[in-house]
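Me: Please explain how the descriptive terms applied to this structure are justified.

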Amino acid sequence: MKRVFIALCLCMMWLADIMAQEIVSGTVVDSKNNPLPGVRVEIVGRTEVAYTDIDGIFRFDLPAKAEKIRVSYVGYKPFERKIKPDMVVKMGNGWAGKPSGFRFLLDMYGGIGIGGKVNVEAGSLSINNIHPGINFGMTYSFGWQINRNLYVGVGYGLIMNMMYSEVNENYSDNHYHYADHSFYSGCVPIFADVRWDFGLGESEAPYVGIKLGYQLNPLVDDSDYYFKAAYGNERLSLFGERVDGLFFMPSVGMRKALGSKIGINLGLSYNVVLPKKLRAEYSYDGGTDYMDLGKSNSGVMMLNIGFDF
């Protein structure tokens with residue numbers, strides 16, 4: 001009799017344990033009701049986590065009753081749903097889990113020029129290593145977030161360019177060598193903007209982008225010299241001329257979410273083609289010589305920080 005009583009107690013405990021368990025299951029789909037595999041589903045306020053299978057199905061065998069689940073997926077803003085029997089969770093189809101829509105990007109840049117050095121020498125004077133020095137500016141872009149990854153837009157900006165050179169004044173009894181800087185131009189790029197985010201809606205995610213268009217240089221002043229070397233009756237002056245050209249700037253970086261549709265971006269950008277056109281005038285006792293130094297291109301590596309809305 002004692003053995004029967006113990007067996008009945010154990011059976012009742014087993015049944016009570018089964019009855020206390022709760023099965024939570026459901027399916028996660030996109031806006032077109034296609035199943036989404038790999039979606040993270042967690043029980044709110046608990047440690048249980050599951051991922052949807054290839055058919056978008058998830059399942060929990062819980063030791064106690066639960067109220068809500070939290071759903072998160074790459075490119076979508078995480079959200080919560082109240083638990084229902086065999087629930088169907090629809091994720092939406094766009095940026096941060098919301099419908100695709102308008103997006104605005106603001107980027108600020110600062111960097112240095114690379115390559116495209118020009119040298120000019122006349123008489124006992126020379127100006128060497130002429131190339132872009134410090135560059136800084138900003139761009140604005142506005143367009144459409146097509147899906148949770150792809151953004152396409154158009155934009156414009158203003159990027160200021162400081163030119164660097166080394167001036168040499170050579171004489172038999174004297175030699176002067178010094179570095180010089182001068183404002184050269186203000187580049188106004190007009191471009192198409194394409195960007196791919198690897199996780200809009202995540203707290204942090206990388207991105208890559210390309211800006212492609214045309215850049216104008218309306219602020220080049222061809223009436224005043226940028227650099228000058230002078231000694232005695234000799235004078236070597238360097239002038240710039242307006243030259244427009246291709247604007248091509250790839251970028252890569254990280255985005256940190258500041259809200260459901262606001263983020264801060266930190267990355268590196270490279271302006272592949274920064275054109276310049278230079279000429280020089282050499283004045284001496286016998287007159288003036290004019291030299292066309294032609295067009296040359298430099299690259300500009302820049303750190304950028306920006307915001308998207």
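Reply: The largest share of the nonpolar patch, three residues, is supplied by strand E18, a strand being a DSSP run of E, at least two residues, numbered from the N terminus. The model is predicted, so that local features need pLDDT of at least 70 and side-chain atom pairs pLDDT 80 or more, while totals for chains, interfaces and linings use all residues. Residues are numbered from 1 along each chain as its sequence is written, and side-chain values use heavy atoms, without hydrogens and water.

Me: Which strands each supply at least two residues of the nonpolar patch?

Reply: They are E8 (102–114), E17 (263–284) and E18 (287–308).

Me: Why is Ile114 called partly exposed?

Reply: Buried means under 20% relative accessible area and exposed over 50%, with partly exposed in between (1.4 Å probe, protein chains only). Ile114 has 41%, and is therefore partly exposed. Ile114 lies in strand E8.

Me: What makes E9 and E10 a pair?

Reply: Two strands pair if DSSP finds at least two bridges between them. E9 (residues 118–122) and E10 (residues 125–145) are joined by four bridges, in the antiparallel sense, and so satisfy the definition. Val118 has Ile130 in E10 as its bridge partner.

Me: Which side chains of strand E9 are buried?

Reply: Val118, Val120 and Ala122 point to one face and are buried, whereas Asn119 and Glu121 point to the other and are not.

Me: Why do E4 and E7 count as edge strands?

Reply: In the open sheet ordered E4-E1-E7, strands E4 (57–62) and E7 (87–90) each have a single partner strand, so one side of each lacks a neighbour in the sheet.
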